[in-house]
Every structure is written in C-alpha cells, then in structure tokens.
Amino acid sequence: MEISACPACGTDDIRLETTDIATHKIVSWRAGDTRPVFVASKDAIETTSTSRVVCVNDHAHPDRVGFDLEWA
C-alpha cells in the first residue's frame with residue numbers, strides 16, 4: 001500500500017516531528033513567596049528522543065503501522 005497523502009484529511013503537507021527530552025536531577029528546593037522553587041543540576045542525567053510523522057493538521061501516522069525513515 002503506497003501512502004502519498006494523509007489518510008484522515010488528504011493533505012500532502014507531511015512533516016517529521018521530533019521531541020528531545022533531557023532529565024536533570026533536582027539538587028535542592030526551597031519555599032517561595034507563592035510556590036516552591038526547585039534548583040536543577042545543569043548536567044543532564046538522561047536524554048531521550050522521540051519522532052513521529054504528522055500532517056500539517058496534526059494527524060499522526062498510526063503507531064500500530066509504524067514507519068521507516070530516510071533522510072533526503
């Protein structure tokens with residue numbers, strides 16, 4: 001099956017969306033005027049990255065199908 005447009009809306013404006021997440025250790029905290037203040041280490045203890053293919057209207061390629069990625 002060849003996919004050339006979004007199956008939900010038909011647009012051919014398809015994009016790769018990546019999200020990078022860095023985890024930092026909280027080294028201390030204190031009470032603030034209206035909410036707590038957390039102090040985080042500048043060095044990340046863990047980083048993860050996720051990618052998904054979406055159209056301009058934010059319809060995601062179904063996780064159950066998955067996808068292969070090639071860079072142009």
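**View 1. Thr11 and its contacts in the predicted model.** Thr11 counts as buried, at 17% relative accessibility, in a structure that is a predicted model. The residue belongs to the segment before β1. Leaving aside residues up to four places away in sequence, Thr11 touches Ala5, Cys6, Cys55, Val56 and Asn57. Two of these contacts, Cys6 and Cys55, are taken up again in the next view. The threshold that applies to Thr11 is 20%: a residue under this relative accessible area is called buried, and Thr11 has 17%.

**View 2. Cysteines without a disulfide.** How many disulfides does the count come to? The count is 0. Cys6 is in no disulfide, and the nearest cysteine sulfur, which belongs to Cys9, is 3.8 Å away. Cys55 is likewise in no disulfide; for Cys55 the nearest cysteine sulfur is also that of Cys9, at 3.8 Å. A disulfide requires the two sulfur atoms to be within 2.5 Å, so the 3.8 Å from Cys6 to the sulfur of Cys9 does not qualify. Cys6 counts as buried, with a relative accessibility of 8%. Cys55 counts as buried too, with a relative accessibility of 3%. Both Cys6 and Cys55 are touched by Thr11, the residue of the previous view.

**View 3. The hairpin of β1 and β2.** Strand β1 covers residues 14-30, and strand β2 covers residues 37-55. The two strands pair in the antiparallel sense, over 15 bridges. The connection from β1 to β2 is a hairpin of 6 residues. Which residue of β2 stands opposite Ile14? The partner of Ile14 is Cys55, the buried cysteine with 3% relative accessibility.

**View 4. The salt bridge between Asp13 and Arg15.** The whole structure contains 3 salt bridges, and one of them joins Asp13 to Arg15. The closest N and O atoms of Asp13 and Arg15 are 3.0 Å apart. Asp13 is partly exposed, at a relative accessible area of 29%. Arg15 is partly exposed as well, at 43%.

**View 5. A network of salt bridges at Arg52.** Glu17, Arg52 and Asp58 are linked in a network of salt bridges. Arg52 and Glu17 form a salt bridge in which the closest N and O atoms are 2.5 Å apart. This pair links distant parts of the chain, with Arg52 in strand β2 and Glu17 in strand β1, 35 residues apart. Arg52 also meets the side chain of Asp58 in a salt bridge, at 2.7 Å from N to O. Are the members of the network buried or partly exposed? Arg52 counts as partly exposed at 30% relative accessibility, Glu17 is partly exposed at 32%, and Asp58 is partly exposed at 47%.

**View 6. The backbone at Asp58.** Asp58 lies in the segment after β2. Its phi is positive, about 70°, although Asp58 is not a glycine. Most residues other than glycine have a negative phi. With 47% relative accessibility, Asp58 counts as partly exposed, and its side chain forms the salt bridge with Arg52 shown in the previous view.

**View 7. Ser51 and its contacts.** Ser51 is part of strand β2 and counts as partly exposed, with 39% relative accessibility. Which residues does Ser51 touch, not counting residues up to four places away in sequence? The contacts are Leu16, Glu17, Thr18 and Phe67. Ser51 and Leu16 are 35 residues apart along the chain, and their C-alpha atoms are separated by 6.9 Å. Glu17, another of these contacts, is the residue that forms a salt bridge with Arg52.

**View 8. A nonpolar patch on the surface.** Leu16, Phe67, Leu69 and Trp71 form a nonpolar patch on the surface. Together these residues have about 440 Å² of accessible area. Phe67 is located in the segment after β2 and is partly exposed, with a relative accessible area of 38%. Two members of the patch, Leu16 and Phe67, are also contacts of Ser51. A patch residue needs over 30% relative accessible area, and the 38% of Phe67 therefore meets this requirement.

Note on methods:
Residues are numbered from 1 along each chain as its sequence is written. This is a predicted model: local features need pLDDT of at least 70, side-chain atom pairs count only at pLDDT 80 or more; totals for chains, interfaces and linings use all residues. Side-chain values use heavy atoms; hydrogens and water are left out. Patches are made of residues with over 30% relative accessible area and no salt bridge: like charges are joined within 9 Å, nonpolar side chains (Val, Leu, Ile, Met, Phe, Trp, Tyr) within 5 Å. Accessible areas come from the Shrake-Rupley method with a 1.4 Å probe; for residues, only the protein chains shown count as cover. A salt bridge is a side-chain nitrogen of Lys or Arg within 4 Å of a carboxyl oxygen of Asp or Glu. Helices (H or I, at least four residues) and strands (E, at least two) are DSSP runs, numbered from the N terminus. Buried means under 20% relative accessible area, exposed over 50%, partly exposed in between (1.4 Å probe, protein chains only). Two strands pair if DSSP finds at least two bridges between them. Contact means heavy atoms within 4.5 Å.
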